[in-house]
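I opened the notebook to look up a few places in this fold. Short entries follow.

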Amino acid sequence: MAIDVATVSLLAVLFFYLRKDTSVFQPGHPTALAANQLSFFLYLGGFAIILVLISSVQGLYGPLQSFGGWREQRLTIQSCVLSSLILSGALYFTYAGSVSRAVVLATLLSSTFLLCIRRASWRYYMYRQYDRNLGTRNILIAGAGPSGLALKNHLCRVRHLGYTFKGFVLTDSELLHGTNHTAHADVSTSDVVGVVDELTTLVRKHFVDELFITGQCNRYLVENLIEVASQLAIDVRVVPDLYDGVDPTMPIEYVGQFPTFPLHFHRIRTISLFIKRALDIIFAAIALLLAMPLMSLVALAIRLDSPGPVFYCAERIGKKGSFFRCWKFRTMVANADALQSTLLHMNERDGVLFKAKHDPRITRVGRILRKYSIDELPQFFNVLCGTMSIVGPRPPVLREVSQYKLQHLRRLDVSPGITGLWQVQSRQDPSFDQYISLDTHYVDHWSLWLDAKIMIRTVGVVISGTGS
């Protein structure tokens, strides 16, 4: 919405000031001139608002899976044309003679063209992301019957729909008669991840975003699955031939070739997430720009202090269990990871965490970098790439995650961060339970204001040098 409004506004202002022979620019009383300019921008604002509202009604700000690219282009043109007709009618009935018709026409035509290009470019970009399994929605399919298998094959074959198949969940009737009795012969046993009674565990374990209900599901089972999904805050889609137990007046949304009844239980705070990502990019870019001289000196000091690379790059676990490479300045000897098993007796943390205050692997320069958290500056590159955020839970290693209990996985529901609630509140606390408690509290109560408070407190932590 913000991009659409900005596009229309910039085009209108551009044509407004290129059109020098309009009555707005002709000599006249300054008051009249200001009034004419104000009139033009009021009409412009009204046009942008109407365009956004109509586009929203058409579903153009919804998921890409709702319709294909050609239909999106057609709806974009329809929204622009309808908004243009409303604007033209407003100009006619209000006798707005001071507004140049040439400026209006140029704005309408160029807005339509650029909005079509913008949406096509965005769709192409998201398709590329989906091909790399980025930004997709994890799904489970209840029922491994022919309809479930057909849906699975369709979603796996058409990658641009943006779904990642995590497995089938067998119904009680399929368990009673045996999987091969109800399922197609092509269903692999590796695709079956559990039964409907284990839905809560499976949703947490596989970071599921959406449940598709197919197969032999009676009215009671459909209602029960919908209730469980509501408690877990995941979305549900029911195929039309299984509408028993679902309001038949519900709207139908197509997922590829499959019509479904959607039930949305998870409200995505799109605007807040958009602002958070925009602020991440802005702050990360500014931080890297300002810190570049310091980072150059740090790199030189590391090379002079001990043999080995300047940066330490390790694989970490990110949002929804995805893997990414996390960058830091090297603060230990080059073979530090291989030596950790010999230092377990020095561990000062409980649970799966490892931290030793007098770790012999830490270099002289590394101890200073850790004290003031300078070693984490390269992680701003991870923020720019989108694998991390400035504020979020600490990115864990695979060794830690493999020992998590089911409830601990909730801290992976969001992107990891450079700083977070645990870092500013209980960084020296050895308790693993406190570590998990603070991270899950952040996930459950996240807001832009909470991020702002954590960032402010981070400044005090860095200045005081309370880092490890």
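**Entry 1: Leu290 and its patch.** I looked up Leu290 first and found it in helix α10. The model is predicted, so I read every value as computed from it. Is Leu290 buried or exposed? Its relative accessible area is 66%. The cut-off for exposed is over 50%, so Leu290 counts as exposed.

I then asked which residues form a nonpolar patch on the surface with Leu290. I noted Ile271, Phe274, Ile275, Leu279, Ile282, Phe283 and Ile286 as its partners there. Together with Leu290 they have about 780 Å² of accessible area.

**Entry 2: α10 against α12.** I stayed with helix α10, which runs over residues 270–305. I checked how it packs with helix α12, residues 364–371. The angle is about 145°, and the axes are 8 Å apart. Which residues make the contact? From α10 I listed Val298, Ala301, Ile302 and Asp305. From α12 I listed Arg364, Val365 and Leu369. I sorted the contact by class: five residues are nonpolar and two are charged. I found no polar residue in it.

**Entry 3: Ala233.** I went through backbone angles next. Phi of Ala233 is near 60°, a positive value, and the residue is not a glycine. Where is Ala233 found? I placed it in the loop between α9 (219–232) and β5 (235–238). Its relative accessible area is 32%. That falls between the 20% and 50% cut-offs, so I logged Ala233 as partly exposed.

**Entry 4: Lys320.** I noted a positive phi here as well, about 60°, again in a residue that is not a glycine. Lys320 lies in the loop between β8 (311–317) and β9 (323–329). I read 26% relative accessibility for Lys320. Buried would need under 20%, and exposed over 50%, so Lys320 is partly exposed.

**Entry 5: the whole chain.** I closed with the totals. How many helices and strands does the protein chain have? I counted 17 helices and eleven strands. The chain has 468 residues, and buried ones make up 45% of them. I took contacts between residues at least 6 apart in sequence and asked about their reach. Of these, 73% join residues at least 24 apart. The accessible surface of the chain comes to about 24600 Å². Carbon and sulfur atoms account for 63% of that surface.

Conventions:
Residues numbered from 1 in each chain as written. Predicted model: local features only at pLDDT ≥ 70, side-chain atom pairs only at ≥ 80, totals over all residues. Heavy atoms only, no water. Axes fitted to C-alpha atoms, helices over the stretch in contact; angles between N-to-C directions. Helix = DSSP H or I, 4+ residues; strand = E, 2+ residues; numbered from the N terminus. Contact = heavy atoms within 4.5 Å. Nonpolar A, V, L, I, M, F, W, Y, C, P; charged D, E, K, R; others polar. Patch = residues over 30% accessible without salt bridge, like charges linked within 9 Å, V, L, I, M, F, W, Y side chains within 5 Å. Areas by Shrake-Rupley, 256 points an atom, 1.4 Å probe, with all protein chains shown as cover. Salt bridge = Lys/Arg side-chain N within 4 Å of Asp/Glu carboxyl O. Buried < 20%, exposed > 50% of the residue type's maximum accessible area, 1.4 Å probe, protein only.
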